[in-house]
Amino acid sequence: GTPHLRLALASGGRVERAEVVPALSTPALVGGKLESCVLDALRKEKFPAPRSGSETTHEVPLDFRPTK
């Protein structure tokens, strides 16, 4: 399976909460340096404000593939 990022965006587009949701095949992602790095970077980002004007939650797949 593919791990996901679960993001809660505040009304202004700021990341309110973020977590890595591991797949059964990727439990090592949780609690490690990779998770910390990804979540720290996301918390610094600002996204477009949700159209609803209220907090929204999104899940984004983390698809790691080797580059050529």
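This is a short chat about the salt bridges in a predicted model.

Trainee: How many salt bridges are there here?
Mentor: The count comes to five in this predicted model, taking a Lys or Arg side-chain nitrogen within 4 Å of an Asp or Glu carboxyl oxygen as the rule.

Trainee: What does Arg6 pair with?
Mentor: Its partner is Glu59, and the closest N and O atoms are 2.9 Å apart. Arg6 sits in strand β1 (residues 4-9) and Glu59 in strand β3 (residues 56-61), so this salt bridge ties together parts that are 53 residues apart in sequence.

Trainee: And how accessible is Arg6?
Mentor: Arg6 has 30% relative accessibility, which counts as partly exposed. Glu59 is partly exposed too, at 45%.

Trainee: OK, Glu55 next. Which residue does its side chain meet?
Mentor: Arg17, in a salt bridge of 3.0 Å, N to O. Glu55 is in the loop between α1 (33-44) and β3, while Arg17 belongs to strand β2 (residues 15-21), so the two link parts 38 residues apart in sequence. Relative accessible area is 40% for Glu55 and 47% for Arg17.

Trainee: Switching to the helix. Where do Asp40 and Arg43 lie?
Mentor: Both are in helix α1, three residues apart, or about one turn of the helix. Their side chains form a salt bridge at 3.9 Å, N to O. Asp40 is partly exposed at 42%, and Arg43 is partly exposed at 43%.

Trainee: Which residues do shared partners join into one network?
Mentor: Arg6, Glu19 and Glu59 are joined that way, through salt bridges that share partners.

Technical notes
Residues are numbered from 1 along each chain as its sequence is written. This is a predicted model: local features need pLDDT of at least 70, side-chain atom pairs count only at pLDDT 80 or more; totals for chains, interfaces and linings use all residues. Side-chain values use heavy atoms; hydrogens and water are left out. Helices (H or I, at least four residues) and strands (E, at least two) are DSSP runs, numbered from the N terminus. Buried means under 20% relative accessible area, exposed over 50%, partly exposed in between (1.4 Å probe, protein chains only).
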